[in-house]
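Work through the exercises below with the structure open. Each task is followed by a solution in steps.

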Amino acid sequence: MSLTVRYNVVTMMHYMRSWKLPGLIITFIALCLGGDYILRFHLILPGFSVLERQEAEKNIDGIVDAIRREVYHFGRVAGDWAVWDDLYEYVQDGNEDFATSNFQWESLNASGIDLVFVCTLEGEIVWGGIHDPVLNEDVTLNEFSATSFSREHYLLQHGSEDYKFSGIILTERGPMLIGSHTILTSAQKGPYQGTLIMGRFLGEKTIRELAKQTRIPFVIKNQKTSTFSAGERDILDRLVHEKNLFQEVDDNLLRGYAVIPDLQKNPALLVSANLSRDIMQRGKATARLTSFFMLAAFTVIIVLSLIYEKFRKDSERALVEAKMVAEAASQAKSEFLANMSHEIRTPMNGVLGMTDLLLQAGLPDQQHKQVKTIRASGENLLHIIKEILDFSKIEAGKLDLENINFDLRSLIGSIYELFANKSDGKGLTLESGVQDDIPRIVQGDQERLRQILINLISNGIKFTDHGSVKFNAELVEQKDGGCVLRFEVRDTGIGLTPQQKKGVFDAFSQADSSTTRQYGGTGLGLTISRQLVGLMGGKLTVTSEPGLGACFEFTVHLQIPTDQETALSKYRQEQQESNPYICMYDGQVLLAEDNITNQLVAEGMLELFGCKVDLAANGRQAVEAVKKKKYDLILMDCQMPELDGYSATGEIREFEQRVGGTHIPIIALTAHTMSGDRERCLTAGMDDYLSKPLYPKQLQSVLERWLAPQIS
């Protein structure tokens, strides 16, 4: 070991001697408490709070949807009565036998009908009445006390023969479901003869049945007959501008509120439900478990520090044999890093594996994004661990290079594609090139060469805000079945000072501390790259000036197969055999998707299967595209600005009928996977259904059903 290294070891030992054990313990305790506070109150609990809010939103929305479905279903009941030929004739001739046979409250109440009014076109009531099933008596409601309705009454606003609507009204006896339909024949033909109005009280029995459906007990108060507290009045005022509201009752309960309007769009019903806070309880348990592990980790650190203190004293006593001690310490450090990297990678693989399972579990959108964030963070940590492991292997002399045939141009091209989006995102120009006389197939360690280039290009993009990053390869020498190649990575970034250039290849080093804070990184990338270049028989150098960018150059020695054609053919065969078979399809596909990330994912998958893809950022653009060009398939996102996927599908189907065009298969692409969502898509005119997140296997299954495979 050099005198400089020995001097640094001795200096470190003397520095560590100045530490006092009590101060060391106090420092570790402070770090432990601070770290625990940050993890609990800034990372873990806020994350679980978001999940709790999402689950609460889902539960309250489920209750509101159940009530709205009940309104819709009752409207369907009234609609079935309104298109009955006998009723149609009854309005015309007033046959009393019809009324006697069909308007019996015992059978009407059993069918869930508490109010019936049959009106002529002029609003005259041919037959009408209200019967309270709870009290088993006929009643009169102020809203229906007249013998006829004016033509301007909101229940008789006939706009067309298919006029109908349903909703909620508030009466002095409580809220009521109302359905109003024009009276037509059973063939739904006219001219319409009048209006059928039917109603049902929204009573406790109905609410209990809805609570069974949602599995969440809830309470309904109405604006007309219920008594509201001051707090509930405040909530009603706030719900005019907000969808849902939530209040913490205690550590175990969260109370959610929503408002449902009446037929005239005025706030009518206040829905409230007590929701379990199981998610937050799990969050608190997770925080406690994390605190335990953090305390254990800091305890281990203190123990290791004590062990190190003993090791330092022993090493100092043996300073007379500095060279042997230094070499042994270097070897121990490398083995320690290798072992620790391996031990850390094992649980990290478990973390990443479990996030993969979660990503395939059909999580709601927000939770899916959060799990993806966890996975991305895990992958970043795994990359750092890999760099440390590579560094320790190189120092220990245990890194072996592969010697296989590979296509240099293909390697350069794949690296270009890897960084194209990242450079575009920063507004940089990315250029690459390979000198023409370089052999197509060379022999060496392809992955380590890729690692070097990725490190250098990544740094170039990281430290460049304006201008370009260029990388290329050229032939320096070729003889005796081998060649020397020179690679250059040049950027127009912040550059390096002469002092910074001296330590740029040192381990765990960046230009300065401010650079570390701004740009991040372990400081190992260039160190590993230089040592890998050395193992390949070359040298890595840098030329740079502050503000004028940097140029990293390195050379490597590679072998050249004698028969290039045979080597190229064999290489392509190996690549083909190593890739799974992907069926290719003939088809021009229109992808209607407003989210840019989702566009990139779906477009990439479609192109992987051989499809030609056009993009539409909303439903309006999709409709216009269909009018201008013929498509074999449309992937239609359901939720888009300007015009959603359901409405866009309706316009496309209308256009096909108007021009007599071919029916284009439309595949719903939606993140909604609740019961009934598939049926809604098919009812809107779509032909098939794909749920997000989109996976290649499911996409291929749909393509198999709707597109013809390519004929090779």
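**Exercise 1.** Classify Lys221 as buried, partly exposed or exposed, and describe its salt bridge with Glu232.

*Solution.* The model is predicted, and the classes are read from its coordinates.
Step 1. The relative accessibility of Lys221 is 23%. Buried requires under 20% and exposed over 50%, so Lys221 counts as partly exposed.
Step 2. Glu232 has 14% relative accessibility and therefore counts as buried.
Step 3. The two side chains form a salt bridge, with 3.0 Å from N to O. Lys221 belongs to strand S7 and Glu232 to helix H7 (residues 230-238), so the bridge ties together parts 11 residues apart in sequence.

**Exercise 2.** Describe the salt bridge between Lys284 and Asp251, and state the accessibility class of each partner.

*Solution.*
Step 1. The closest N and O atoms of Lys284 and Asp251 are 3.8 Å apart. The cut-off is 4 Å, so the pair qualifies as a salt bridge.
Step 2. This pair links distant parts of the chain: Lys284 is in helix H8 (residues 278-317), while Asp251 is in the loop between strand S8 (244-248) and strand S9 (253-261), 33 residues away.
Step 3. Lys284 has a relative accessible area of 29% and is partly exposed. Asp251, at 47%, is also partly exposed.
Step 4. Elsewhere, Glu52, Glu248 and Arg277 are joined into one network by salt bridges with shared partners.
Step 5. The count of salt bridges comes to 21.

**Exercise 3.** Which residues does Thr206 touch, leaving aside those up to four places away in sequence? Then examine the salt bridge between Arg200 and Glu70.

*Solution.*
Step 1. Thr206 lies in helix H6. Its relative accessible area is 12%, so Thr206 is buried.
Step 2. With residues up to four places away excluded, Thr206 touches Glu70, Arg200 and Phe201.
Step 3. The side chains of Arg200 and Glu70 meet in a salt bridge at 2.8 Å, N to O. The partners come from distant parts of the chain, with Arg200 in strand S6 (residues 194-201) and Glu70 in helix H2 (residues 21-82), 130 residues apart.
Step 4. Both Arg200 and Glu70 are buried.

**Exercise 4.** Locate Arg215 and Asp480, and give the phi value and accessibility of each.

*Solution.*
Step 1. Arg215 sits in the loop between helix H6 (204-214) and strand S7 (218-222). Its phi is near 60 degrees, a positive value in a residue other than glycine.
Step 2. At 78% relative accessibility, Arg215 counts as exposed.
Step 3. Asp480 is placed in the loop between strand S14 (468-479) and strand S15 (482-491). Phi is again positive in a non-glycine residue, near 55 degrees for Asp480.
Step 4. Asp480 has 75% relative accessibility, so it counts as exposed.

**Exercise 5.** Which residues form the negative surface patch that includes Asp93, and where does Asp93 lie?

*Solution.*
Step 1. The patch is made up of Asp85, Asp86, Glu89 and Asp93.
Step 2. Asp93 lies in helix H3 (residues 85-93). With a relative accessibility of 53%, Asp93 counts as exposed.

**Exercise 6.** Summarise the chain as a whole: secondary structure, burial, contacts and surface.

*Solution.*
Step 1. The chain holds 21 helices and 24 strands.
Step 2. Of its 712 residues, 42% count as buried.
Step 3. Among contacts with a separation of 6 or more, 66% are between residues 24 or more positions apart.
Step 4. The accessible surface is about 39000 Å², with 53% belonging to carbon and sulfur atoms.

Notes. Residues numbered from 1 in each chain as written. Predicted model: local features only at pLDDT ≥ 70, side-chain atom pairs only at ≥ 80, totals over all residues. Heavy atoms only, no water. Patch = residues over 30% accessible without salt bridge, like charges linked within 9 Å, V, L, I, M, F, W, Y side chains within 5 Å. Areas by Shrake-Rupley, 256 points an atom, 1.4 Å probe, with all protein chains shown as cover. Lys, Arg positive; Asp, Glu negative; His and termini not counted. Charge placed at Lys NZ, Arg CZ, Asp CG, Glu CD. Helix = DSSP H or I, 4+ residues; strand = E, 2+ residues; numbered from the N terminus. Buried < 20%, exposed > 50% of the residue type's maximum accessible area, 1.4 Å probe, protein only. Contact = heavy atoms within 4.5 Å.
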